[in-house]
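Student: I'm new to this one and would like a relaxed tour. Could we look at it together?

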Amino acid sequence: MAKSLNKVMLIGNLTRDPELRTLQSGMRVAKLGLAVSENWRDRTTGELKEMVCFVDVDVWDRQADLCAQYLTKGRPVLVEGRLRMDEWTTKE
């Protein structure tokens with residue numbers, strides 16, 4: 001049995017066109033913005049509610065090229081990969 005597992009699958013819509021960049025090493029990376037939404041009906045009011053989670057996705061090498069070539073803002077996509085949390089602090 002595995003001691004740990006880090007795998008995620010997300011289905012959502014792109015919030016912007018992919019940004020393709022080439023690193024100094026020659027490796028290519030495409031940065032994607034993904035909006036994943038969840039809809040439900042409030043039990044007390046019957047009102048339809050929606051919660052949206054915005055996720056930044058990095059795609060590498062050949063897949064980065066393909067994303068930049070074929071994907072555009074608004075397109076639905078399925079992403080499968082590993083989850084990595086980034087944290088940063090600002091002056092505020």
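Tutor: Sure, and keep in mind that this is a predicted model. One term before we start: a salt bridge is a side-chain nitrogen of Lys or Arg within 4 Å of a carboxyl oxygen of Asp or Glu.

Student: Okay, which residue does arginine 21 meet in a salt bridge?
Tutor: Look for a carboxyl oxygen within 4 Å of a side-chain nitrogen of the arginine. Arginine 21 has such a contact at 3.6 Å, N to O. The partner's side chain belongs to glutamate 19.

Student: Is glutamate 19 buried or partly exposed?
Tutor: Buried would need under 20% relative accessible area, and exposed would need over 50%. Glutamate 19 comes in at 31%, so the label is partly exposed.

Student: How many residues apart are aspartate 58 and lysine 31?
Tutor: These two form a salt bridge, with their closest N and O atoms 3.1 Å apart. The pair links distant parts of the chain, since aspartate 58 is in strand 4 and lysine 31 is in strand 3. Along the sequence, the gap is 27 residues.

Student: And what is the N to O distance between lysine 49 and glutamate 47?
Tutor: Their side chains meet in one of the structure's eight salt bridges. Lysine 49 is partly exposed at 29%, and glutamate 47 is partly exposed at 44%. The N to O distance is 3.9 Å.

Student: Let's move to the strands. Which residue in strand 5 is the bridge partner of valine 8?
Tutor: Strand 1 covers residues 8-14, and it pairs with strand 5 in the antiparallel sense over six bridges. For valine 8, the partner in strand 5 is glycine 81.

Student: Which residue in strand 3 is the bridge partner of leucine 14?
Tutor: Strand 1 is also joined to strand 3, residues 28-41, by two bridges, and they run antiparallel. Leucine 14's partner there is leucine 34.

Student: Which residues does leucine 83 touch, leaving out those up to four places away in sequence?
Tutor: Leucine 83 lies in the segment after strand 5. Touching here means heavy atoms within 4.5 Å. With those sequence neighbours left out, leucine 83 touches Asn6 and Val8.

Student: Last one: is arginine 43 buried or exposed?
Tutor: Find arginine 43 in the loop between strand 3 and strand 4. Exposed takes over 50% relative accessible area. Arginine 43 has 86%, so this residue is exposed.

Conventions: Residues are numbered from 1 along each chain as its sequence is written. This is a predicted model: local features need pLDDT of at least 70, side-chain atom pairs count only at pLDDT 80 or more; totals for chains, interfaces and linings use all residues. Side-chain values use heavy atoms; hydrogens and water are left out. Helices (H or I, at least four residues) and strands (E, at least two) are DSSP runs, numbered from the N terminus. Two strands pair if DSSP finds at least two bridges between them. Buried means under 20% relative accessible area, exposed over 50%, partly exposed in between (1.4 Å probe, protein chains only).
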